Amino acid sequence: MFVLAITVLAACGTNKVLTHSQLDVDRGAKKYQGLTLADLNQGKMIYEKSCGNCHGLKKIESRNEEQWKSIVPDMVKKTNKKAGKEEINSDQQQVLLKYLITMSEVKKASN
(Lines give C-alpha, C1' and ligand atoms only; values in the text may rest on other atoms or scores of the structure.)
Protein backbone atom coordinates (compact mmCIF):
# COMPACT_ATOMS: atom_id res chain seq x y z
CA MET A 1 0.00 0.00 0.00
CA PHE A 2 2.83 2.39 0.90
CA VAL A 3 4.56 1.78 -2.46
CA LEU A 4 1.29 2.45 -4.28
CA ALA A 5 0.83 5.75 -2.43
CA ILE A 6 4.38 6.86 -3.25
CA THR A 7 3.91 5.89 -6.91
CA VAL A 8 0.68 7.89 -7.17
CA LEU A 9 2.20 10.94 -5.50
CA ALA A 10 5.26 10.78 -7.72
CA ALA A 11 3.12 10.47 -10.85
CA CYS A 12 1.02 13.47 -9.85
CA GLY A 13 4.09 15.57 -9.32
CA THR A 14 5.65 14.91 -12.71
CA ASN A 15 3.31 17.27 -14.57
CA LYS A 16 4.02 20.26 -12.38
CA VAL A 17 6.68 22.68 -13.52
CA LEU A 18 9.44 23.68 -11.13
CA THR A 19 9.63 27.13 -9.60
CA HIS A 20 11.74 29.75 -11.32
CA SER A 21 14.83 31.62 -10.31
CA GLN A 22 16.58 34.84 -11.20
CA LEU A 23 18.75 32.77 -13.57
CA ASP A 24 15.63 31.98 -15.58
CA VAL A 25 14.68 35.65 -15.65
CA ASP A 26 18.18 36.66 -16.73
CA ARG A 27 18.20 34.05 -19.51
CA GLY A 28 14.76 35.13 -20.75
CA ALA A 29 15.57 38.83 -20.49
CA LYS A 30 18.25 38.39 -23.17
CA LYS A 31 15.38 37.74 -25.58
CA TYR A 32 12.55 39.61 -23.85
CA GLN A 33 13.73 42.91 -22.44
CA GLY A 34 12.08 43.72 -19.13
CA LEU A 35 11.06 40.12 -18.38
CA THR A 36 10.37 39.63 -14.67
CA LEU A 37 9.96 36.77 -12.27
CA ALA A 38 6.29 37.77 -12.02
CA ASP A 39 5.98 37.31 -15.81
CA LEU A 40 7.41 33.80 -15.59
CA ASN A 41 5.14 32.95 -12.68
CA GLN A 42 2.10 34.26 -14.56
CA GLY A 43 3.11 32.25 -17.63
CA LYS A 44 3.49 29.15 -15.48
CA MET A 45 0.05 29.71 -13.97
CA ILE A 46 -1.56 30.10 -17.41
CA TYR A 47 0.26 26.99 -18.66
CA GLU A 48 -0.77 24.81 -15.75
CA LYS A 49 -4.35 26.07 -15.56
CA SER A 50 -5.27 26.47 -19.21
CA CYS A 51 -3.11 23.92 -20.99
CA GLY A 52 -3.46 21.33 -18.25
CA ASN A 53 -7.22 21.76 -18.32
CA CYS A 54 -7.60 19.96 -21.68
CA HIS A 55 -4.60 17.59 -21.76
CA GLY A 56 -1.57 16.54 -19.79
CA LEU A 57 1.16 19.11 -19.50
CA LYS A 58 3.97 18.59 -21.98
CA LYS A 59 7.61 18.79 -20.99
CA ILE A 60 8.40 22.37 -21.89
CA GLU A 61 11.89 21.55 -23.11
CA SER A 62 10.46 18.99 -25.54
CA ARG A 63 9.55 21.86 -27.88
CA ASN A 64 11.74 24.65 -29.23
CA GLU A 65 10.90 28.32 -29.78
CA GLU A 66 9.52 27.87 -33.28
CA GLN A 67 7.37 24.94 -32.23
CA TRP A 68 5.89 26.85 -29.28
CA LYS A 69 5.23 29.86 -31.53
CA SER A 70 3.29 27.56 -33.83
CA ILE A 71 1.45 25.55 -31.17
CA VAL A 72 0.36 28.24 -28.70
CA PRO A 73 -1.79 30.42 -31.00
CA ASP A 74 -3.71 27.36 -32.20
CA MET A 75 -4.22 26.09 -28.65
CA VAL A 76 -5.36 29.52 -27.46
CA LYS A 77 -7.95 29.64 -30.25
CA LYS A 78 -9.18 26.17 -29.27
CA THR A 79 -9.31 27.10 -25.59
CA ASN A 80 -11.26 30.28 -26.27
CA LYS A 81 -13.63 28.52 -28.66
CA LYS A 82 -14.26 25.69 -26.20
CA ALA A 83 -14.98 28.20 -23.43
CA GLY A 84 -17.24 30.28 -25.67
CA LYS A 85 -15.36 33.37 -24.53
CA GLU A 86 -11.87 34.79 -24.35
CA GLU A 87 -10.18 32.70 -21.66
CA ILE A 88 -6.70 33.73 -22.79
CA ASN A 89 -6.30 37.21 -24.25
CA SER A 90 -3.45 38.36 -26.49
CA ASP A 91 -1.42 39.77 -23.59
CA GLN A 92 -1.73 36.50 -21.68
CA GLN A 93 -0.80 34.59 -24.81
CA GLN A 94 2.41 36.62 -25.06
CA VAL A 95 3.23 36.00 -21.39
CA LEU A 96 2.62 32.29 -21.94
CA LEU A 97 4.87 32.24 -25.00
CA LYS A 98 7.66 34.11 -23.19
CA TYR A 99 7.41 31.61 -20.35
CA LEU A 100 7.44 28.54 -22.59
CA ILE A 101 10.26 29.80 -24.78
CA THR A 102 12.38 30.89 -21.83
CA MET A 103 11.88 27.64 -19.97
CA SER A 104 12.34 25.49 -23.09
CA GLU A 105 15.91 26.76 -23.23
CA VAL A 106 16.86 25.59 -19.71
CA LYS A 107 18.72 22.48 -20.85
CA LYS A 108 20.34 24.33 -23.75
CA ALA A 109 21.64 27.02 -21.37
CA SER A 110 23.10 24.48 -18.95
CA ASN A 111 25.11 22.66 -21.66
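## Helix α4 and an aromatic cluster

In helix α4 of this predicted model, the residues E65, W68, V72, V76, T79 and N80 are buried. An α-helix has 3.6 residues a turn, so residues three or four places apart point the same way. What covers the buried residues of α4 includes helix α5, which runs through residues 90-104.

The helix α4 itself takes in residues 65-83, 19 residues in total, and it reaches 27 Å from its first C-alpha to its last, close to the 27 Å expected at 1.5 Å a residue. At the N-terminal end of α4, N64 acts as a cap, with a side-chain oxygen that lies 3.1 Å from the backbone nitrogen of E66. Just after α4, on the other hand, G84 takes a positive phi of about 75 degrees.

One of the buried residues of α4, W68, also belongs to an aromatic cluster that it forms with Y47 and Y99. A search of the whole structure finds two aromatic pairs, and they are set out here.

| Pair | Centre to centre | Angle between planes | Arrangement |
|---|---|---|---|
| Y47 and W68 | 6.5 Å | 90 degrees | edge-to-face |
| Y47 and Y99 | 6.2 Å | 50 degrees | tilted |

The pair of Y47 and W68 links distant parts of the chain, since Y47 is in helix α3 (residues 37-54) and W68 is in helix α4, 21 residues apart. Y47 lies in helix α3 and Y99 in helix α5, so their pair ties together parts that are 52 residues apart in sequence. Both Y47 and W68 are buried, and Y99 is buried as well.

Technical notes: Residues numbered from 1 in each chain as written. Predicted model: local features only at pLDDT ≥ 70, side-chain atom pairs only at ≥ 80, totals over all residues. Heavy atoms only, no water. Helix = DSSP H or I, 4+ residues; strand = E, 2+ residues; numbered from the N terminus. Expected span 1.5 Å × (residues − 1). Buried < 20%, exposed > 50% of the residue type's maximum accessible area, 1.4 Å probe, protein only. Contact = heavy atoms within 4.5 Å. Polar contact = N/O pair within 3.5 Å; in protein donor to acceptor, adjacent residues only side chain to side chain. Phe/Tyr/Trp six-rings, centres within 6.5 Å; stacked < 30°, edge-to-face > 60°.
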